Structures are given as structure tokens and as C-alpha cells.
Amino acid sequence: NVWQPGYGGGAIYNSMPYDCLNSTFVSNHTFDAPAGALCRLAPSTISNCTFIGNYLEGNNNPAGGAIANFVSDAGVSHGTFIGNTTVDRGGALYFAAGNTGTVSHCTFTSNWSTRLDAYAGGAMYADGGSSATVANCVFIGNWATNGGGSGGGAIFSYAATGTKVKNCLFRQNQARYGGAVYFYSGQSRLDNCTLYANTSLV
């Protein structure tokens, strides 16, 4: 599926509450807009879903290779994210400014942001004023490595009011700054996590 330039959600664009359960999103594509697969503008539940090879292109806010969240209380649980890509922020997940969300019991593998400056996030990006909690997740082999100053191989938190990461595993993620996690500013916290063989490509 391919969505028109300037809108978003290669597969789904929701402006009303809904549940997305036990579903698989493969190779959906958006150009010049957020969310390769799923763009959320209303409260929704995403659980036991798999996102593989969804991607974004263009220059106009292409954030969230798989999911872009523009609403508070945006939960994602027991999800699998493999090989999703964006040319901007959040290879798999993007939390827009001023919103809240929880990511729990998810696995992120080989997701990629190709953004050239520090504001990347190979798997996940939390934008200014957002508040995200990431718990019991695994991040393996995610990248923010397209030269320049790409930051946050797995997670980039930019001026978030509180990005809390707990009980997570980070292994073999890569970026120029913050091979696993880049906390740019704000009151963030890393608690009871394991970080193993991540790389900063200076």
C-alpha cells in the first residue's frame, strides 16, 4: 500500500478510536508524510501486531517508519518491529511533541533512520514535550548511521518531559552518537536495563 504525499499512514490513518490486534503490516509505504504503516490521531490499542519492512521517503515530516503517534495515551504492546525505515525520525516508532505513550513487551530488530543530523532514533524517537515509557522491550541491531551526526541507534529522546526506559535489553545497535540511546535533554531515566555490544561510530 502507498499513501498520497502530505497525508500519512501507508496502511491505516485513524482519526477515530479503534483497536488493532493480532495483525501484520508488511512493506507499506508513505511519501512526504508520517507513518509508513499506521498514523494515529485518536486513542487506539495496538497489541500483538507485527510490522515488517514499512518505510518512509521524502522531505516533509516523514517520521515513524511503522507508526507515528499524534495522540496521548498511545500504547503499543507485544509488538514486533523488523526492518522498518525512515529518512527522518524514528525508524519504527515516532511520538509527536506534547503526547504520551507506553511501549511494552516489544521487540525491535534492524530498524533504521537515515537522517543525517543527530535527531534520528533507529527504532524510536520521542519528540519535544512528549512523555514516553518503554518497558520490557528488546532492541537488537537498530541503526542511525547515515553519516553526519546521527544519534540514538535504538532510541532518541529530544527535550521530552520524561522518557523512562526500564527492564530493556539493547544489543548491537549503532549510531554516531549514543549507540543504544541518546537522551538529548529533559528528565529521562534508564532503569534496570542491559546494554551490550552497542557501537558509537565516531
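## A walk through the rings and strands

Start with residues 2–6: pLDDT stays under 50 over this stretch, for which the model has 14 contacts beyond four places in sequence. Where pLDDT is low, the predicted coordinates should not be read in detail, so colour that part grey and move on. This is a predicted model, and the protein as a whole averages a pLDDT of 87, with 90% of the residues scoring at least 70.

**Stop one: the rings.** Show the aromatic side chains. How many aromatic pairs does the structure hold? The count is 13. Pick out Phe51 and Phe81 to begin with: this pair is stacked, with 5.0 Å from centre to centre and 5° between the planes. Now turn on the cartoon. Phe51 belongs to strand β8 (residues 50–52) and Phe81 to strand β12 (residues 80–82), so this pair ties together parts that are 30 residues apart in sequence. Buried or exposed, what about Phe51? Phe51 counts as buried, because its relative accessibility is 0%. Click on Phe81 as well: here too the value is 0% relative accessibility, and Phe81 counts as buried.

**Stop two: a tilted pair.** Next, select Phe156 and Tyr182. Their rings form an aromatic pair that is tilted, 4.7 Å centre to centre with 40° between the planes. Which strands do they sit in? Phe156 is in strand β22 (residues 155–157) and Tyr182 in strand β26 (residues 181–183), so the pair ties together parts that are 26 residues apart in sequence. Phe156 has 0% relative accessibility and therefore counts as buried.

**Stop three: the cluster.** Keep Phe156 and Tyr182 on screen and add Phe70, Tyr94, Tyr125, Tyr158 and Tyr184. Ring pairs link these residues, Phe156 and Tyr182 included, into a cluster. While you have Tyr125 up, add Arg89: the charged end of Arg89 sits over the Tyr125 ring, 5.9 Å from its centre.

**Stop four: the strands.** Hide the side chains and select strand β11 (residues 74–77) together with strand β15 (residues 100–104). They run parallel, and four bridges join them. For a specific contact point, go to Val76, whose bridge partner in β15 is Val103.

Leave β15 selected and bring in strand β19 (residues 131–135). How many bridges pair β15 with β19? There are five, again in the parallel sense. Zoom in on Thr100 to finish: its bridge partner in β19 is Ser131. As you look along these strands, remember that in a regular strand the side chains alternate between the two faces of the sheet.

Key: Residues are numbered from 1 along each chain as its sequence is written. This is a predicted model: local features need pLDDT of at least 70, side-chain atom pairs count only at pLDDT 80 or more; totals for chains, interfaces and linings use all residues. Side-chain values use heavy atoms; hydrogens and water are left out. Rings of Phe, Tyr and Trp (its six-membered ring) pair if their centres lie within 6.5 Å; planes under 30 degrees apart count as stacked, over 60 as edge-to-face and the rest as tilted. Helices (H or I, at least four residues) and strands (E, at least two) are DSSP runs, numbered from the N terminus. Buried means under 20% relative accessible area, exposed over 50%, partly exposed in between (1.4 Å probe, protein chains only). A charge sits over a ring if NZ of Lys or CZ of Arg is within 6 Å of the ring centre and within 35 degrees of the ring normal. Two strands pair if DSSP finds at least two bridges between them. pLDDT is the predictor's confidence in each residue, from 0 to 100. Contact means heavy atoms within 4.5 Å.
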